[in-house]
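Open the model in your viewer and keep the sequence panel beside it. This tour tells you what to select next and what is there.

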Amino acid sequence: MRVPNSVVLPVGTHVDCCREEEVEEKRHNIMAKISAMLEERKSNLTHFITNLEGSEEPEFYVDQWERLKEMESCTLTILNLVAVNCTDHRDIKKLEAVILEHVKNEELFPEVVRVLPPVYRQVEAAIVDIAQSEEMADHGMMDLQYLLSKLSQCEHLANLGRELLQDVLRYLHRIGLVVWYEEIKHLESTVFLQPTFLITMFKVSVETIFLAEPKLCK
């Protein structure tokens, strides 16, 4: 909901646990709930924006207003839910085919026909090698400048500049290969080459908070 022009493909699993008529009923209910959720979000954003604009001193809330307007402008395309039986290889192939069909849709993904410069693939391959190397720490975190120096050691990337690397990292962040929070000041110089570690860390943090919550209540 916070990413501009997002495209979401809902996937329903455990079809093998349902009767055929139940699958269609659940598909309809899920899509209806998603639509209701989006409408509620739109309504809430409009309400918050209106409140800020109608406040006595709206100039004090400019930053909040701009963030809400930015969120309001983010379009979200919800595709039809795909129901699959994860124990059936044929259903997995069916899901794969549906995903590829949507990804190749130029109306959904206008940049699908964009031809990336060869250096993008070269940097991507080099980053994969670094992430999989024995010297890479388990957390997968690396300073941006240090990453640039490591990449520059590759013969074909000797002239790689910081600005070009940042462009490549934005692309790799979008496709999920790395995580780079360039918009967060304290993290803009850190690249996460192992996104799965970051997900695990968030999961453990949330679990720790929930475990500690009863003690805090006492």
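**Stop 1: His14**

Select His14. You are in the loop between strand 2 (11-12) and helix 1. Remember as you look that this is a predicted model. Is His14 buried or exposed? Its relative accessibility is 51%. The cut-off for exposed is over 50%, so His14 counts as exposed.

Now check the backbone of His14. Its phi is near 60°. That is a positive value in a residue other than glycine.

Add Asn85 to the selection. Which distance separates the C-alpha atoms of His14 and Asn85? The answer is 5.4 Å, although the two residues are 71 residues apart along the chain.

**Stop 2: the whole chain**

Clear the selection and colour by secondary structure. The protein chain has 7 helices and 6 strands. Trace the elements from the N terminus on: they run β-β-α-α-β-β-α-α-β-α-α-β-α.

Next, switch on a surface. Of the 218 residues of the protein chain, 27% count as buried. Then think about contacts. Take those in the protein chain with a separation of 6 or more: residues 24 or more positions apart account for 59% of them.

**Stop 3: helix 1 and helix 2**

Select residues 20-53 for helix 1 and residues 62-73 for helix 2. These helices pack with their axes 10 Å apart. The angle is about 155°. Angles over 145 degrees count as roughly antiparallel, so helix 1 and helix 2 are roughly antiparallel to each other. Their crossing is left-handed.

Show the side chains where the two helices meet:

- From helix 1, pick Arg41, Leu45, Thr46, Phe48, Ile49, Leu52 and Glu53.
- From helix 2, pick Gln64, Trp65, Leu68, Lys69, Met71 and Glu72.

How do the residues of this contact of helix 1 with helix 2 divide? There are 7 nonpolar, 2 polar and 4 charged.

Stay in helix 1 and click Thr50, which lies there too. Thr50 counts as partly exposed, at 45% relative accessibility. Draw a line from the C-alpha of Thr50 to the C-alpha of Trp65: the distance is 9.3 Å. In sequence, Thr50 and Trp65 are 15 residues apart.

**Stop 4: helix 4 and helix 6**

Move on to helix 4, residues 118-132. Add helix 6, residues 162-174. The axes of helix 4 and helix 6 come within 10 Å and cross at roughly 75°. The range from 65 to 115 degrees counts as roughly perpendicular, and helix 4 and helix 6 are therefore roughly perpendicular to each other.

Display the residues that make the contact:

- Helix 4 brings Val119, Tyr120, Arg121, Val123, Glu124 and Ile127.
- Helix 6 brings Leu164, Leu165, Asp167, Val168, Leu169, Tyr171 and Leu172.

Colour them by class. The contact of helix 4 with helix 6 has 10 nonpolar residues, no polar ones and 3 charged.

**Stop 5: helix 5 and helix 6**

Keep helix 6 and swap in helix 5, residues 144-152. The axes of helix 5 and helix 6 cross at roughly 100° and come within 11 Å. That angle makes helix 5 roughly perpendicular to helix 6.

Which residues make the contact? On helix 5 they are Leu144, Gln145, Leu147, Leu148 and Leu151. On helix 6 they are Arg162, Leu165, Gln166 and Leu169. By class, the contact of helix 5 with helix 6 has 6 nonpolar, 2 polar and 1 charged residues.

Zoom in on Gln166, in helix 6. Is Gln166 buried or exposed? Its relative accessibility is 18%. Buried means under 20%, so Gln166 counts as buried. Leaving aside residues up to four places away in sequence, Gln166 touches Leu144 and Trp180.

**Stop 6: an aromatic pair**

The count of aromatic pairs comes to 2. Select Tyr181 and Phe192, which form an aromatic pair. The rings are 6.3 Å apart, centre to centre, with 70° between the planes. Planes over 60 degrees apart count as edge-to-face, and this pair of Tyr181 and Phe192 is edge-to-face.

Tyr181 sits in the loop between helix 6 and strand 6 (190-192). Phe192 is in strand 6. The two residues are 11 residues apart, and the pair links distant parts of the chain.

Finish with the surface back on. Tyr181 counts as partly exposed, at 22% relative accessibility. Phe192 is buried, with a relative accessible area of 5%.

How values were computed
Residues numbered from 1 in each chain as written. Predicted model: local features only at pLDDT ≥ 70, side-chain atom pairs only at ≥ 80, totals over all residues. Heavy atoms only, no water. Phe/Tyr/Trp six-rings, centres within 6.5 Å; stacked < 30°, edge-to-face > 60°. Helix = DSSP H or I, 4+ residues; strand = E, 2+ residues; numbered from the N terminus. Buried < 20%, exposed > 50% of the residue type's maximum accessible area, 1.4 Å probe, protein only. Axes fitted to C-alpha atoms, helices over the stretch in contact; angles between N-to-C directions. Parallel < 35°, antiparallel > 145°, perpendicular 65-115°, else oblique. Left-handed = near helix turned anticlockwise from the far one by under 90°. Contact = heavy atoms within 4.5 Å. Nonpolar A, V, L, I, M, F, W, Y, C, P; charged D, E, K, R; others polar.
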